[in-house]
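Visitor: Got a minute to walk me through a model? I'd like the overall fold and then the chain contacts.
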Protein chains: 2
Amino acid sequence: MLSLVDGEPATEVPLDDRGLQYGEGVFETLLVDAGEPLAWDLHMARMTRGCQALGLPDPPLAALHRDALGLCGAQDGPAVLKLTLTVQGAGRGYARPASVAWRRIAQVAPAPEWPAADYERGIRVRWCRQLWFPEPGLAGIKHLNRMTQVLARAEWDDPGIAEGLLRDPAGAVIGGTMSNLFAVCNETLLTPLIRNCGMAGTLRARIMACAGELGIPLRETMLSATDCHRADELLLCNAVRGIRPIRILGRQSFSAGSVTRALQAAIAGPWPRPASGAE
Amino acid sequence: MLSLVDGEPATEVPLDDRGLQYGEGVFETLLVDAGEPLAWDLHMARMTRGCQALGLPDPPLAALHRDALGLCGAQDGPAVLKLTLTVQGAGRGYARPASVAWRRIAQVAPAPEWPAADYERGIRVRWCRQLWFPEPGLAGIKHLNRMTQVLARAEWDDPGIAEGLLRDPAGAVIGGTMSNLFAVCNETLLTPLIRNCGMAGTLRARIMACAGELGIPLRETMLSATDCHRADELLLCNAVRGIRPIRILGRQSFSAGSVTRALQAAIAGPWPRPASGAE
């Protein structure tokens with residue numbers, strides 16, 4: 001992995017970094033294809049919303065772009081770029097320094113493998129016991145307090161299970177540990193509302209825009225586990241992995257249908273592309 | 001500030017540290033007096049509970065003790081020792097490494113000043129708008145996801161305000177950003193239950209044990225803001241700052257009474273000790 005800290009090659013941060021001490025910061029994970037980070041504007045818009053939600057200065061967009069281009073040019077194949085902003089330390093305690101200074105961390109690594117079967121037949125997914133607790137002011141943003149995701153992901157180590165789904169304490173399905181969920185019910189695309197908790201994924205935003213263009217009815221709504229098990233199609237999306245149908249959820253099997261295929265065909269990206277327009 | 005990482009003098013951690021990436025870890029902040037960390041066993045017990053709550057290995061207690069003694073011996077006056085355990089990185093993503101390895105971070109700094117008036121007359125405190133959201137599995141422990149405290153502490157910069165109090169979404173008072181609250185009502189000592197959120201402070205535990213020894217009735221209970229404003233005495237406690245009465249909460253004034261004075265007299269520590277046994 002190649003990395004920059006504040007634009008210079010580096011592999012460490014100081015102990016007083018407030019990202020390390022308190023998780024005070026935000027990050028974005030981007031897919032890099034042919035040397036270009038995909039959906040740059042969507043990622044930077046979410047990072048900007050995150051900084052505002054945390055009461056922190058706007059992100060240094062020009063410097064982040066320089067970091068990104070500097071690292072991505074060196075990549076041959078598809079890569080994953082992680083951009084993190086943390087608050088530089090200044091003294092002890094929760095009180096912020098009088099003047100907040102960002103620390104920029106940029107890391108790049110080769111993209112994971114994309115087995116064609118994951119995109120064609122789909123992936124196996126489980127329900128997590130870990131709940132996603134409401135914290136309205138921080139919903140949707142990628143801050144560095146990520147123990148909920150870590151604890152949910154720690155519930156399984158079977159490499160055959162690709163993702164776990166979390167619910168809130170009221171039983172509403174929120175999403176996967178690292179992906180957003182869409183269900184197709186009666187030819188309508190449904191996705192959990194990101195209001196009190198959850199992550200507002202960039203590929204989720206692209207799918208919502210795409211559904212409009214394709215004339216697929218779409219609703220952000222409350223989905224229960226029962227709603228999911230009754231769905232005609234289920235899919236997960238993530239900026240790095242693209243759109244993968246769910247093949248098995250718990251003990252139930254699903255098949256990718258025409259809506260999943262239409263979205264897979266319409267969303268640009270370097271992932272495997274199933275041939276058929278329907279099942 | 002002097003610091004050790006895994007027992008060796010160091011001032012940085014690697015970028016892949018999971019404490020930095022996700023806030024995966026725990027910490028303790030101890031007061032050091034005459035070269036000795038106070039309430040060591042209570043701090044280590046809470047750290048152990050924290051590791052268990054996060055599904056992580058028990059803390060390396062012997063190595064932490066070596067780190068502590070190594071740093072504390074070099075301190076002339078009272079000092080603050082921060083011990084942090086983070087999960088070492090291994091690859092990208094929320095999934096934990098197959099075998100979790102701790103990284104130990106030990107930092108020591110001079111203790112803050114303890115103005116005698118803060119202990120005699122008391123401190124000024126405000127109500128925070130930021131809520132402390134329930135997350136039952138993580139209540140009471142000192143993990144590294146601390147944005148709630150940072151956001152609450154960012155609500156004021158008036159140096160005359162020493163602390164802010166947080167409530168949960170139902171209006172129950174939980175505690176300060178870095179201290180626990182006790183109220184005296186009808187000669188009974190009341191403190192918020194730490195069940196769904198909040199921090200189980202080590203000085204809180206010492207005060208609860210001490211109340212038993214002194215024959216002061218004590219109850220862990222639900223306290224509303226109104227209950228606090230009707231209290232006869234209010235005090236805040238923190239392992240580094242000791243016991244300080246609240247002199248002003250919002251726009252209301254309070255006086256330290258006999259219960260506060262009895263606890264200040266009974267709890268051992270290097271803080272200023274008001275002379276009178278009562279008002």
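Guide: Sure, we'll take chain A and then its contacts with chain B.

Guide: This is a predicted model, where local features need pLDDT of at least 70, side-chain atom pairs count only at pLDDT 80 or more, and totals for chains, interfaces and linings use all residues. Residues are numbered from 1 along each chain as its sequence is written, with chains lettered from A and ligands numbered from 1 in the order in which they are written.

Visitor: How many helices and strands are in chain A?

Guide: Chain A has 8 helices and 16 strands, taken as DSSP runs numbered from the N terminus (helices: H or I, at least four residues; strands: E, at least two).

Visitor: And how much of chain A is buried?

Guide: 50% of its 279 residues; buried means 20 or more other C-beta atoms within 10 Å of the residue's own, with C-beta atoms placed from the backbone.

Visitor: What are the spans of the C-alpha trace?

Guide: About 55 × 45 × 35 Å along the principal axes of chain A.

Visitor: Switching to the partner: how many residues are in contact between chains A and B?

Guide: 37 residues of chain A are in contact with 38 of chain B, contact being C-beta atoms, placed from the backbone, within 7 Å. On the chain A side, β3 (12–14), α1 (18–22), β7 (102–110) and α5 (147–153) each give two or more residues.

Visitor: Which one gives the most?

Guide: α5(A), with 5 residues.

Visitor: What about β3(A), how does it run against β3 of chain B?

Guide: Antiparallel, joined by 3 bridges to residues 12–14 of chain B; strands pair if DSSP finds at least two bridges between them. In that pairing, A:Glu12 stands opposite B:Pro14.

Conventions. Buried ≥ 20, exposed ≤ 12 C-beta atoms within 10 Å, placed from the backbone. Contact = placed C-beta atoms within 7 Å.
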